[in-house]
Amino acid sequence: MKIGKDLVAAAATPMVLGILADGESYGYAILQRISELSDGELEWSDGMLYPLLHRLERLGHVEATWGVSPAGRPRKHYRLSSTGRAAFAEQRRQWSVVSAALQQVWTERDGGRAFAPDRGIAPGLGGA
Amino acid sequence: MSEDLEPRIEEQIAAWRTYVSRGAAIDVRDVDELEDHLRGQIDRLEVSGLAPDESFLIAVKRLGALDDLSREFAREHSDRLWKQLMFADAPDRPRGSRSLWLALGLAIGAALAIKAPALFGIEWAADGDFYARFGALLVLPFLAAFFLVDRRASPRTIAFVAVPFVLGAVVMAVYPFAPDGATLVLAALHLVVVLWLVIGIAYVGGAVRSSRARMDFIRFTGEWFVYFVLIALGGAVLIGLTVAVFASIGLDASRFVVDWVLPCGVAGAVVIAGWLVEAKQSVVENIAPVLTRLFTPLFTLLLLAFIVAGFLQGNLVESGGDVPEVFGQRDLLILFDIVLLVVLGLLLYALSARDGLAPPSWFDRLQLVMVAAALVVDIMVLVAMIGRIAEYGASPNKLASLGLNLILFANLAGAAWLQLRFLRRKTPFERLERWQTGWLPVYLVWAAIVVVVFPPAFQYV
């Protein structure tokens with residue numbers, strides 16, 4: 001399954017904020033984490049993470065410091081700020097509403113058979 | 001963890017760095033960050049069994065197309081496009097010369113347009129009223145056209161730009177201004193502001209909601225002004241020499257200079273200065289911010305000295321007894337409006353050139369002092385102005401000036417508050433930028449009111 005570009009873009013900010021809410025991290029590790037969390041389904045071209053991180057930094061949602069990697073090379077670390085925490089909470093509320101609404105739409109449509117735990121998605125909605 | 005990779009891969013990474021660094025908006029630290037990512041990816045791929053050069057290729061590929069990456073970085077760091085670059089981009093040349101020919105053509109168009117009324121017997125030097133009404137309308141469309149064509153604007157954007165020009169022309173043509181009327185002068189001045197901000201819509205290619213795009217236009221305005229003044233200085237030298245050379249052989253060139261060189265030169269320079277800013281944007285360090293650094297301390301001193309003098313000398317409004325009034329004279333009020341506008345300009349250009357991520361410095365503190373001093377002066381001016389209106393009644397000049405001061409007051413008050421919070425690290429720098437760019441529509445609306453509403457409201461006096 002390939003997730004649409006718009007959806008990937010929309011999910012990017014809450015995803016990154018959420019990962020940083022767990023603690024300080026750096027670019028490559030953040031992408032690894034996203035890949036783990038989504039079973040590799042949520043894919044950016046790697047470089048696109050960085051303009052996003054810089055934007056969050058400019059908005060004051062994250063703070064960045066330069067450190068060194070274990071191999072002794074410069075590495076930029078990102079940490080959530082207090083406004084970032086608030087932004088994350090707000091995004092989370094918004095996504096909960098969207099996600100709950102979508103769930104309900106599907107549940108009504110399939111008479112409650114949607115999202116069976118074995119990933120047997122209702123006929124017609126099968127992965128592309 | 002991993003040591004340096006084998007030399008061949010190190011070479012490839014070095015070449016990749018050089019290549020990525022060409023992106024105008026990607027700076028050295030960003031390349032460091034991307035390289036860290038690249039090496040992380042290569043390590044991981046090697047662990048999973050790929051050969052080093054395969055790992056390198058896949059890692060580079062996974063970073064994404066460099067064009068896309070550069071574009072994203074440029075969108076996020078558009079301010080950097082205004083800074084000195086390490087690499088001059090050769091591939092951009094063809095577009096550069098195309099825009100040169102476009103600018104030259106439009107400059108000639110503007111020069112002809114300003115002289116076109118002469119065909120109908122309207123002389124530039126003699127018919128001041130006519131040029132007050134239509135001067136800006138004859139020249140500025142060419143600058144707007146330059147950006148619309150250069151950016152291949154959408155029909156929607158073209159309409160957004162064209163409609164205000166047409167409406168402005170209609171208003172100026174239809175209103176029965178009294179000769180040399182105050183409302184005519186006010187409308188003419190404010191029309192320039194309206195049209196300039198409308199050119200901003202063309203400049204940002206219709207992206208009027210973007211705070212970054214607005215900030216780019218503010219940068220452009222400052223640089224344009226600097227280039228325009230430079231061209232004007234060169235033009236003055238040229239004119240002086242022309243007159244002197246012809247005088248030496250007994251010919252009087254001054255008539256030709258006044259009738260042709262001056263109006264055509266000014267009109268053409270408006271467009272050419274716009275093109276110069278665009279062409280030089282990524283080649284030289286901007287000048288406006290440098291001037292800002294120079295003049296911020298000096299203007300702060302001027303404001304502080306004035307506040308002290310004002311309070312020592314006493315009375316602001318009435319001239320009673322032997323206390324000299326500070327703002328009794330109308331000229332002085334206008335002078336201080338200009339000072340406050342310059343202060344706002346200094347603030348804007350300091351913001352526009354600042355690296356948003358740098359921590360607060362002494363210069364930011366100095367700026368707070370300047371803004372606070374400007375606020376005090378603005379309050380003094382406001383008090384004097386309201387006093388004058390109460391004493392002599394409202395006139396279009398006084399109300400236009402009052403409106404301007406109220407807008408400045410609100411802006412400076414907010415700016416001072418945000419600056420204070422920024423210095424105490426309570427708010428990100430980005431808020432300061434957004435505060436200032438948020439005022440552009442306010443200026444536009446106010447200037448439009450002065451152009452459209454004031455003349456009929458004051459019977460076109």
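**The sheet of chain A and its contact with chain B**

In chain A, three strands build an open sheet: its 3 strands follow the order β1-β3-β2, and their pairing is antiparallel. The edge strands of this sheet are β1 (25-26) and β2 of chain A, each of which pairs on one side only. The model described here is predicted.

The pairing of β2 with β3 in chain A can be followed residue by residue. Strand β2 (residues 62-68) of chain A runs antiparallel to β3(A), and 7 bridges join the two. Within this ladder, A:Val62 is placed opposite A:Leu80 of β3(A), and A:Thr65 has A:His77 in β3(A) as its bridge partner. The two strands, β2(A) and β3(A), constitute a hairpin in which 5 residues lie between them. In the turn of this hairpin, A:Gly72 has a positive phi of about 90 degrees.

Strand β3 of chain A also contains A:Tyr78. This residue counts as buried because its relative accessibility is 0%, the limit for that class being under 20%. Beyond the neighbours within four places in sequence, the contacts of A:Tyr78 include A:Val62, A:Glu63 and A:Ala64. Further contacts of A:Tyr78 are made with A:Leu20, A:Glu24, A:Ser25, A:Leu53, A:His54 and A:Glu57. A:Tyr78 and A:Gly23 are 55 residues apart along the chain, and their C-alpha atoms are separated by 8.8 Å. The contacts of A:Tyr78 also include a residue of the other chain, B:Glu33. The side chains of A:Tyr78 and B:Glu33 make a polar contact at 2.4 Å.

A second buried position in chain A is A:Ala12, which belongs to helix α1 (residues 5-21) of that chain. With a relative accessibility of 5%, A:Ala12 counts as buried. When residues up to four places away in sequence are not counted, A:Ala12 touches A:Trp44 and A:Leu52. The C-alpha atoms of A:Ala12 and A:Met48 are 9.9 Å apart, while 36 residues separate the two in sequence.

The interface between the chains was examined next. The size of an interface is often given as the accessible area lost when the parts come together. For chain A and chain B, the buried area is about 2600 Å², with 55% of it given by carbon and sulfur atoms. On the side of chain A, the residues that lose the most area to chain B are A:Tyr28, A:Arg58 and A:Arg73, which together make up 27% of what that side buries. Chain A contributes 28 residues to the contact and chain B contributes 29 residues.

Polar contacts across the interface of chain A and chain B amount to 13 residue pairs, both members being at pLDDT 80 or more. On the side of chain A that touches chain B, two or more residues come from each of α2 (27-37), α3 (49-58) and β3 (74-80) of chain A. The most is given by α3(A), with 6 residues. By class, this side of chain A comprises 13 nonpolar, 7 polar and 8 charged residues.

Side chains of opposite charge can pair when their charged atoms come close. Between chain A and chain B, 4 salt bridges are counted, and the count over all chains is 23. One salt bridge joins B:Asp36 and A:Arg75, with 2.8 Å between the closest N and O atoms. This pair crosses between chains, from helix α2 (residues 28-47) of chain B to strand β3 of chain A. Both B:Asp36 and A:Arg75 are buried.

Chain B contains salt bridges of its own. In one of them, B:Arg39 pairs with B:Glu10, the closest N and O atoms being 2.9 Å apart. B:Arg39 lies in helix α2 of chain B and B:Glu10 in helix α1 (residues 7-21) of chain B, so the pair ties together parts that are 29 residues apart in sequence. Both B:Arg39 and B:Glu10 are buried. The two residues also belong to a network of salt bridges that links B:Glu10, B:Arg17, B:Arg29, B:Asp32, B:Glu35 and B:Arg39.

Another salt bridge brings together the side chains of B:Asp364 and B:Arg354, at 2.8 Å from N to O. B:Asp364 is in helix α13 (residues 362-392) of chain B, and B:Arg354 is in the loop between α12 (330-353) and α13 of chain B, 10 residues apart. B:Asp364 and B:Arg354 are both buried.

Notes:
Residues numbered from 1 in each chain as written. Chains lettered and ligands numbered in written order. Predicted model: local features only at pLDDT ≥ 70, side-chain atom pairs only at ≥ 80, totals over all residues. Heavy atoms only, no water. Contact = heavy atoms within 4.5 Å. Buried area = accessible area lost by both parts, 1.4 Å probe. Polar contact = N/O pair within 3.5 Å; in protein donor to acceptor, adjacent residues only side chain to side chain. Helix = DSSP H or I, 4+ residues; strand = E, 2+ residues; numbered from the N terminus. Nonpolar A, V, L, I, M, F, W, Y, C, P; charged D, E, K, R; others polar. Pairing = 2+ DSSP bridges. Buried < 20%, exposed > 50% of the residue type's maximum accessible area, 1.4 Å probe, protein only.
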